[in-house]
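Please open the model in a viewer and keep the selection tool at hand. The stops below are best visited in order.

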Amino acid sequence: MRKLVLFLHASLDGFVEGPNGEMDIGWVSYDADLEKHAEEILSTTDTVIWGRGTYQMMHSYWPSVPSNPSASQHERNHAEWIEKTAKIVFSTTLEKVEWNNSRLVKEDVEEEIKNLKQQPGKDMVILGSPRLAHHLMQLDLIDEYKITVSPVLIGRGLPLFQGLKEKINLKLIENKTFDSGAIGLVYQTVR
């Protein structure tokens with residue numbers, strides 16, 4: 001059975017967005033080590049799960065990367081990967097999604113995720129979309145939490161965990177320390 005993996009960057013004080021809604025821009029210790037780490041995580045997935053806001057932000061940027069002469073090789077590789085990867089967008093307000101290999105789901109989030117887990121293929125990854133992640137946590141649908149913690153305190157913003165009503169037991173299955181001082185943590189949900 002496929003797993004649903006949450007992959008997010010967080011500050012040491014537990015925020016995934018800054019006070020103005022910015023996601024990891026400027027405060028994540030992103031370097032070649034974290035690029036390699038992200039590539040390793042994404043190599044085990046073939047489906048991206050997004051909410052409306054993250055989908056719109058990603059769609060406004062990544063399709064333009066291949067024609068951008070200042071894009072790094074890592075950015076070009078990621079743009080190629082994301083273009084061919086299946087993208088499932090959960091939104092009650094969007095009317096359509098137009099990016100290659102994208103599909104819009106407007107209702108029955110829990111049933112849709114359960115059905116996707118039963119399909120053949122690699123794992124699915126929630127990239128960004130912390131509000132959708134909060135909802136999926138509340139439904140106990142996330143199988144692994146792959147969190148990189150940057151050595152920075154941002155003071156306020158959107159917390160990594162929010163709205164949990166029940167305890168979720170986790171087992172640490174991997175941790176890495178990067179030269180930047182960031183830490184990569186992988187927790188598996190214990191059911």
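**Salt bridges and one helix**

In this predicted model, begin by selecting Asp123 and Lys3, whose side chains form a salt bridge with an N to O distance of 3.7 Å. The two residues are 120 positions apart and connect distant parts of the chain: Asp123 belongs to strand S6 (residues 123-127), while Lys3 sits in the segment before strand S1 (4-11). Asp123 counts as buried because its relative accessibility is 14%, under the 20% cut-off. Lys3, at 27% relative accessible area, is partly exposed.

Extend the selection to Glu144 and Lys146: together with Lys3 and Asp123, these residues are linked in a network of salt bridges.

Next, select Asp140 and Arg191, a salt bridge whose closest N and O atoms are 3.3 Å apart. Asp140 lies in the loop between helix H5 (130-138) and strand S7 (144-150), and Arg191 in the segment after strand S10 (183-189), so this pair ties together parts 51 residues apart in sequence. Asp140 is partly exposed, at 31% relative accessible area, whereas Arg191 is exposed, at 55%.

Then select Lys96 and Glu98, where the closest N and O atoms of the salt bridge are 3.0 Å apart; both residues are exposed. In total, the model has 14 salt bridges.

Finally, select helix H1 (residues 32-42), in which Leu34, His37, Ala38, Ile41 and Leu42 are buried. Viewed down the axis of H1, these buried residues fall within an arc of 130°, so they line one face of the helix. Ala32 and Lys36 are exposed on the face turned away from the buried side of H1. At the start of H1, a side-chain oxygen of Asp31 comes within 3.1 Å of the backbone nitrogen of Asp33.

Note on methods
Residues numbered from 1 in each chain as written. Predicted model: local features only at pLDDT ≥ 70, side-chain atom pairs only at ≥ 80, totals over all residues. Heavy atoms only, no water. Buried < 20%, exposed > 50% of the residue type's maximum accessible area, 1.4 Å probe, protein only. Helix = DSSP H or I, 4+ residues; strand = E, 2+ residues; numbered from the N terminus. Arc of directions from axis to C-beta. Polar contact = N/O pair within 3.5 Å; in protein donor to acceptor, adjacent residues only side chain to side chain. Salt bridge = Lys/Arg side-chain N within 4 Å of Asp/Glu carboxyl O.
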